[in-house]
Amino acid sequence: MDPDPRLHQLCAPVLVVDAAMQDLISDMFETMYDAPGRGLAAPQVGVLSRVFVMDATWKDAKPTPMAFVNPEILWRSDAVQVNEEGCLSIPNRPVAVTRPARIEVMWLDETSTQRRGAFDGFEAACICHEIDHLNGVLILDHEVAA
């Protein structure tokens with residue numbers, strides 16, 4: 001089964017983090033945890049806006065929920081990592097994806113506060129995966145033909 005065609009569309013920037021956006025973010029966290037996933041982008045719930053939620057640690061350690069509005073990768077390491085990635089929108093079809101081992105990102109949080117942070121390992125891969133969603137790219141687009 002092919003994924004929803006909306007998942008291949010470029011998402012629009014969020015102009016204001018208002019109460020409606022905060023409600024969307026809250027709903028996305030609930031959906032992500034129920035799925036159960038570690039990241040969820042707005043287009044996965046039918047909203048073509050540049051926002052995603054992530055909690056890379058909740059399955060193995062203390063939860064660290066984060067909301068990313070208008071995220072931008074500022075820097076990518078030359079070092080890479082290859083992981084089998086799954087996607088809530090493409091169940092049971094993991095794909096080996098090459099991602100940077102470390103990234104630096106700038107974004108707005110759910111309170112419209114500008115944030116900047118460095119991420120590595122699984123968190124970096126998760127952020128890249130979710131930003132791919134905002135750009136209309138799916139893990140299937142990373143598959144290498146045999």
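Reader: Before we get to the pocket, what counts as a strand or a helix here?

Author: Helices, of at least four residues, and strands, of at least two, are DSSP runs numbered from the N terminus. The model itself is a predicted one.

Reader: OK, so which of those elements supply at least two residues each to the lining of the largest pocket?

Author: Strand 4 (80-87), strand 5 (90-100) and helix 2 each do so, and helix 2 gives the most to that lining, with 6 residues.

Reader: How much space is in that pocket, and which residues are closest to its centre?

Author: The largest pocket holds about 410 Å³ of space. Its lining has 23 residues, of which Arg 38, Glu 85, Gly 86, Cys 87 and Phe 122 are the closest to the centre.

Reader: And how does the lining divide by residue character?

Author: It divides into 9 nonpolar, 8 polar and 6 charged residues.

Reader: Back to helix 2, then: is it mostly covered or uncovered?

Author: Helix 2, which spans residues 121-134, is mostly covered, with 11 of its 14 residues buried; among them are Ala 124, Ile 127, His 129 and Asp 132.

Reader: What does helix 2 give to the largest nonpolar core?

Author: That core has 17 residues, and Phe 119 and Ile 127 are among those touching the most other members. Strand 2 (51-54), strand 3 (66-76), strand 6 (102-108) and helix 2 each supply at least two of its residues, and helix 2 gives the most, with 6.

Reader: What is Phe 119 in contact with, outside its close sequence neighbours?

Author: Leaving aside neighbours within four places in sequence, Phe 119 is in contact with residues including Met 66, Phe 68, Trp 107, Ala 124 and Ile 127.

Terms used: Residues numbered from 1 in each chain as written. Predicted model: local features only at pLDDT ≥ 70, side-chain atom pairs only at ≥ 80, totals over all residues. Heavy atoms only, no water. Expected span 1.5 Å × (residues − 1). Buried < 20%, exposed > 50% of the residue type's maximum accessible area, 1.4 Å probe, protein only. Core = buried A, V, L, I, M, F, W, Y, C linked by side-chain atoms within 4.5 Å. Contact = heavy atoms within 4.5 Å. 1 Å grid on protein atoms, 1.4 Å probe; cavity = no way out; pocket = protein on both sides within 12 Å on 5 of 7 lines; lining within 4 Å. Points joined across faces, edges and corners; volume = space filled by probe spheres on them. Nonpolar A, V, L, I, M, F, W, Y, C, P; charged D, E, K, R; others polar.
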